[in-house]
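The following note sets out numbered points for a colleague who is examining this model. Each point takes up one topic and can be checked against the coordinates.

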Amino acid sequence: WYDQDGAFEIQKNPYSISNQNKDTKDKVLRQVVPQWPIIWTNPWAGPTTYFGPMEFFSRMNLQVSIDILLEDHAKVWFGPYGDGVDEAMIIVDSKSGMWEFGPQKGDGVDFALHTWHTLSFIMCEDKQVVSLDGKLISSINLHASKPWYLKFKMSKYVYMAFNNLRLDHIPDKPTLSYHSYAEFLK
């Protein structure tokens with residue numbers, strides 16, 4: 001992985017997990033700069049982290065999930081990034097509860113501050129599904145046959161952390177309905 005305009009550090013987990021059910025380990029990857037730094041690339045990007053290489057994800061059917069905790073409101077982008085797959089990236093606004101996934105938009109997402117949330121998506125060659133805390137948000141049909149890598153981005157510099165990045169290969173190309181995908185995500 002590598003950061004672009006981010007200030008993520010591996011730190012001892014500073015968050016109490018007594019009231020949460022997440023399997024947070026002793027350390028987290030934490031955004032530690034709460035203000036815009038002097039940067040040398042796109043000054044509007046916000047903290048961004050990429051996981052790759054691109055070829056690793058080429059034509060793989062994967063379920064990808066990550067645990068996220070925000071200390072202040074921000075928009076969060078998470079998902080595949082690369083030629084032809086950018087539309088399969090989920091955008092969640094923690095303050096308004098609005099979300100975007102490809103051409104679809106909605107609201108009503110509960111992304112409370114100071115709470116661990118699991119953002120998950122399934123990326124197959126012709127179907128993509130996204131969920132938050134095990135609840136289906138949406139699905140789209142995007143033909144994604146080119147290599148891609150993971151991108152995690154925030155709209156501004158706030159204290160936050162992520163943990164438990166999981167990549168699970170889906171053995172066979174699923175031919176499931178929308179509702180079957182929802183069950184598959186559980």
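1. Rings of Phe, Tyr and Trp, the last through its six-membered ring, are taken as paired if their centres lie within 6.5 Å. In this predicted model, such ring pairs link F78, F121, F152 and F162 into a cluster. The count of aromatic pairs comes to 4 by this rule.

2. How are the rings of F78 and F121 placed? Their centres are 5.5 Å apart and their planes stand at 65°, so the pair is edge-to-face, given that planes over 60 degrees apart fall into that class. The pair joins distant parts of the chain, as F78 belongs to strand 6 (residues 75-81) and F121 to strand 10 (residues 117-123), with their positions 43 residues apart. F78 has a relative accessibility of 0% and therefore counts as buried. F121 is likewise buried, with a relative accessible area of 1%.

3. The rings of Y81 and Y149 form a further edge-to-face pair, because their centres lie 5.6 Å apart and their planes make an angle of 70°. This pair also links distant parts of the chain: Y81 is in strand 6 and Y149 in strand 13 (residues 149-154), 68 residues apart. Are these two tyrosines buried or exposed? Y81 is partly exposed at a relative accessible area of 26%, whereas Y149, at 14% relative accessibility, counts as buried. The cut-off for buried is under 20%.

4. Two lysines should be viewed together with the aromatic rings. K151 lies over the face of Y81, at 4.2 Å from the ring centre. The charged end of K153 sits over the ring of W77, and its distance from the centre of that ring is 4.5 Å.

5. Which residues have the most contacts inside the largest nonpolar core? They are I68, F152 and F162, in a core of 35 residues. Strand 5 (residues 62-70) gives the most to this core, contributing 5 residues. A second, separate core has 5 residues, including V28, L69, W116 and A161. In soluble globular proteins, nonpolar side chains tend to be buried together.

6. F162 merits separate inspection, as a residue of the ring cluster and one of those with the most contacts inside the largest core. With neighbours within four places in sequence left aside, F162 is in contact with F8, V28, L29, T49, F51, I66, D67, I68, W116 and F152. Among these contacts, V28 and W116 are in the second core.

7. The largest pocket holds about 160 Å³ of space. Its lining consists of W99, G108, V109, D110, H117, L132, D133, K135, L136 and I137. Strand 12 (residues 135-140) supplies the largest share of that lining, with 3 residues.

8. Two backbone positions deserve a check of their torsion angles. D133, although not a glycine, has a positive phi of about 55°. D133 lies in the loop between strand 11 (128-132) and strand 12, and counts as partly exposed at 33% relative accessibility. D133 is also one of the residues lining the largest pocket. N164 is not a glycine either, and has a positive phi of about 55°. N164 is placed in strand 14 (residues 160-169) and, with a relative accessibility of 14%, counts as buried.

Notes:
Residues numbered from 1 in each chain as written. Predicted model: local features only at pLDDT ≥ 70, side-chain atom pairs only at ≥ 80, totals over all residues. Heavy atoms only, no water. Core = buried A, V, L, I, M, F, W, Y, C linked by side-chain atoms within 4.5 Å. Buried < 20%, exposed > 50% of the residue type's maximum accessible area, 1.4 Å probe, protein only. Helix = DSSP H or I, 4+ residues; strand = E, 2+ residues; numbered from the N terminus. Contact = heavy atoms within 4.5 Å. Phe/Tyr/Trp six-rings, centres within 6.5 Å; stacked < 30°, edge-to-face > 60°. Lys NZ or Arg CZ within 6 Å of the ring centre and 35° of its normal. 1 Å grid on protein atoms, 1.4 Å probe; cavity = no way out; pocket = protein on both sides within 12 Å on 5 of 7 lines; lining within 4 Å. Points joined across faces, edges and corners; volume = space filled by probe spheres on them.
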